[in-house]
Amino acid sequence: MSRPSWDDVFLEMARVIASRSACFKKHVGAVIVRDGKYVVSMGYNGAPQHQRNCQEIGFCFRERNDLHGLENLERCRAIGSHAESNAIAIAARLGQRTEDTTIYVVGHDTICVQCRAQIANAGISKVVHELSDGSRRVYIPSRDWIVHEVDKPTETKRGVERD
């Protein structure tokens, strides 16, 4: 039997921590690792500390009010408490340094702009992101996230640039 790679181990840990999420739509997990194999912090998506989550309340506000996509994200209980930002906040609360670490993320196909900013500002140097189809993307924030979303060309569904 072969041993799993460290990436496989930490992505599996992220999947397990994602199972703690009380969100009805997505279970997202993140694990921050230092020196390739030492866990610094973990987080999952959900309501902020001291607030009731969707499972406790019994419904998702966005689903109940037919809010989909990227519209009205502030109407989601977990908007400020994504797995990535929670892992960073928990590391800070515990006095753990995040500079030059790697964050492993599972459970969604896009890392939001706010989480990208927090990852970059926390000094995290590598992101290993497993998508829902099982494929993986590796990002180096200092190389891959240097252009803000508002500065990128806007494209239509056909891929034609708009003015």
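1. A good place to start is Trp6, which is partly exposed at a relative accessible area of 43% (buried means under 20%, exposed over 50%, partly exposed in between, with a 1.4 Å probe and protein chains only). Phe10, at 2%, is buried, and Tyr104 counts as buried too, at 4%.

2. Some ground rules for this predicted model: local features need pLDDT of at least 70, side-chain atom pairs count only at pLDDT 80 or more, and totals for chains, interfaces and linings use all residues. Residues are numbered from 1 along each chain as its sequence is written, and side-chain values use heavy atoms, leaving out hydrogens and water.

3. Now the rings: there are 3 aromatic pairs (Phe, Tyr and Trp rings, the last by its six-membered ring, with centres within 6.5 Å; planes under 30 degrees apart are stacked, over 60 edge-to-face, the rest tilted). Trp6 and Phe10 are stacked, because their centres are 5.6 Å apart and their planes at 20°.

4. Phe10 and Tyr104 make a tilted pair, 5.4 Å centre to centre with 40° between the planes. Phe10 belongs to helix H1 and Tyr104 to strand E3, so this pair ties together parts 94 residues apart in sequence (helices are DSSP runs of H or I with at least four residues, strands runs of E with at least two, numbered from the N terminus). Ring pairs thus link Trp6, Phe10 and Tyr104 into a cluster.

5. As for the sheet, 5 strands form an open one with mixed pairing, in the order E2-E1-E3-E4-E5 (strands pair if DSSP finds at least two bridges between them). Strands E2 (38–44) and E5 (136–139) are its edges.
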